[in-house]
Amino acid sequence: MTALDLSSSVAVVGTGTMGQGIAQVALVAGHTVRLYDAAPGRAREAADAIGARLDRLVEKDRLGAADRDAARARLLPADDLAELADCTLVVEAVLERLDVKQELFRALEDVVADDCLLATNTSSLSVTAIGGALRVPGRFVGLHFFNPAPLLPLVEVVSGFATDVTCATRAYETARAWGKTPVACADTPGFIVNRIARPFYAEAFAVYESQGADPATIDAVLRESGGFRMGAFELTDLIGQDVNESVTHSVWQSFFQDVRFTPSLAQRRLVESGRLGRKSGHGWYDYGDGAERPEPHTAEPAEPPAYVVAEGDLGPASELLALIREAGIEVREEDEDNGTRLVMPGGGQLALADGQTSVEFRDVVYFDLALDYRKATRIALSHAQDTSPATVAEATGLFQALGKKVSVIGDVPGMIVARTVARIIDLAYDAVAKGVATEEDIDTAMRLGVNYPLGPFEWDRRLGRTWVCSLLDDLHQRDPSGRYAPSLALYRHAYATEKREGTP
């Protein structure tokens, strides 16, 4: 099945930000585009706004003047749904309410031909439920663009329960012909991105709610150690706290209040207070005139240890040994069956976050996971109240000697990056096992849809196939609510890896 021919007309119903963006994408691809909005005059206003954006593309030499003029000639505002009768694809981008969308598509079925592809851009509603109201539900599909649609490449192509394979394929190929990167997805709450991204926000909020660290520090660690483009607090301020919380709540309810998707009480209070982020002038951060951005907690300079003893394999943090040597600090290696840590001259130990807490051990400081320890510019440390100050100072000085800023947080099991990445990976395995999408499409979706530095499966391969399951097991022992319980899919994967490698 091939993409829609450029001679065919495409309609966009709903002319808000997303509707205008989708219309621009189809228009620049070469289609005639009909714009419709139930509000009188709104379609013509949207056409003018799209025309102005095309002018800016010409000014930036990203579109030729002749192509701009031709595109404008193909952009046709419609005053009535009946004017969409000749379209071969209609994309809806109206209010996120099931009844509103169902009513619209029932009306469209009375207008368009039975082979016209009908698509919804919903980000939170069930494609199956919307299509269930149709006479011909097989030609109904989800085409979830990301905002801003002209710039972001990802499109989730969502097949509802009744969607015909040929229609989903045509929608997929059409998105690709428009210059987008489509991924195929089953109709599941949150689809790919909004389902698998929930821990990125949830774990940051959980660390904050447990008074493990403040928003500025958590954001800095996610960016400068985890490699994420933005931290969870600044990103939700940009998205809008009400919008982000609404998606979280929708996914949680759709999964019958599954504890893995539980919304944050702290975020709920923020929304209730009207602090919605940048758009209201205040969210987690203050955006008022003259407001200063709070600085992340950064430890004062400390002396590094003269040497460290490496006991066992540091796993995902093994690169640290080379960095320590390059900093002029002696590394003494000892084989230990039960050790994966560094021992410092004072006897204190330094270990990679593993889901346990420092209070359970004598004189241990944990350090967080990093995407790339060589490139990371900040490392988080955690320790118990009775950890020796000398051990904390040696650990701090060690990472400072490697050129890293150090943020000391509370005794939080799994710390910040480690628990976040582990939960993202776990949800990704669970999604594949339940037929939501392929590993390749999930990795693509998370890189392109939310700018993750690596896809979940790419990250898992870096970490070692049993590391995530082990960390989540430890977290689950300390919080047996089910939030951190590894999925059956992850257990199977870890067990199969151990069996292949001959681990008892």
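Here is a short exchange about how some labels on this predicted model were reached.

Reader: What makes the radius of gyration of the protein agree with a compact globule?

Author: For 504 residues, a compact globule would come out near 23 Å, and the protein has 26 Å, which agrees. Along the principal axes, its C-alpha atoms fill a box of roughly 80 × 55 × 40 Å. That box holds 19 helices and 15 strands.

Reader: Why is Phe191 called buried or exposed?

Author: Buried means under 20% relative accessible area. Phe191 has 2%, so it counts as buried. You'll find Phe191 in the loop between strand 8 (181-186) and helix 7 (193-196).

Reader: And what makes the backbone of Phe191 worth pointing out?

Author: Its phi is positive, about 55°, although Phe191 is not a glycine. Most residues other than glycine have a negative phi.

Reader: Where else does a residue other than glycine have a positive phi?

Author: Try Phe256, with phi near 55°. Phe256 sits in the loop between helix 11 (241-254) and helix 12 (265-272).

Reader: Why is Phe256 called buried or exposed?

Author: The cut-off for exposed is over 50%. Phe256 has a relative accessible area of 76%, so exposed it is.

Reader: How do you know which label fits Phe255?

Author: Phe255 has a relative accessible area of 19%, and because buried means under 20%, Phe255 gets the buried label. Phe255 also belongs to the loop between helix 11 and helix 12. Leaving out neighbours within four places in sequence, Phe255 is in contact with Thr188, Pro189, Arg195 and Phe261. As for Val365, it is 110 residues away from Phe255 in sequence, and the two C-alpha atoms are 37 Å apart.

Reader: Why is Asp110 called buried or exposed?

Author: Asp110 has 68% relative accessibility; exposed means over 50%, so Asp110 counts as exposed. Look for Asp110 in the loop between helix 4 (98-109) and strand 5 (117-120). The C-alpha atom of Asp110 is 19 Å from that of Ser8, which is 102 residues away along the chain.

Reader: How much of the whole protein counts as buried?

Author: Of the 504 residues, 54% do. The protein still exposes about 21400 Å², with carbon and sulfur atoms supplying 50% of that.

Reader: What makes a group of residues a nonpolar core?

Author: The members must be buried nonpolar residues, joined through side-chain atoms within 4.5 Å. The largest such set here has 120 residues, and Ile192, Leu350, Phe367 and Tyr373 have the most contacts inside it. Helix 15 (residues 417-433) gives the largest share of this core, 10 residues. Apart from it lies another core, of 36 residues, among them Ala43, Val157, Ala175 and Trp178. In soluble globular proteins, nonpolar side chains tend to be buried together.

Reader: Which residues does Leu350 touch?

Author: Setting aside residues up to four places away in sequence, Leu350 touches several, including Val365, Phe367, Leu381 and Phe399. Across the protein, 69% of the contacts with a separation of 6 or more are between residues 24 or more positions apart.

Reader: How do you know that the bond between Asn147 and Pro148 is cis?

Author: Omega is about 0° there, and the peptide bond joining Asn147 and Pro148 is cis. Most peptide bonds are trans. Pro148 lies in the loop between strand 6 (140-145) and strand 7 (154-159).

Conventions: Residues are numbered from 1 along each chain as its sequence is written. This is a predicted model: local features need pLDDT of at least 70, side-chain atom pairs count only at pLDDT 80 or more; totals for chains, interfaces and linings use all residues. Side-chain values use heavy atoms; hydrogens and water are left out. Helices (H or I, at least four residues) and strands (E, at least two) are DSSP runs, numbered from the N terminus. The radius of gyration is taken over C-alpha atoms; the globule rule is 2.2 Å times the number of residues to the power 0.38. Buried means under 20% relative accessible area, exposed over 50%, partly exposed in between (1.4 Å probe, protein chains only). Contact means heavy atoms within 4.5 Å. Accessible areas come from the Shrake-Rupley method with a 1.4 Å probe; for residues, only the protein chains shown count as cover.
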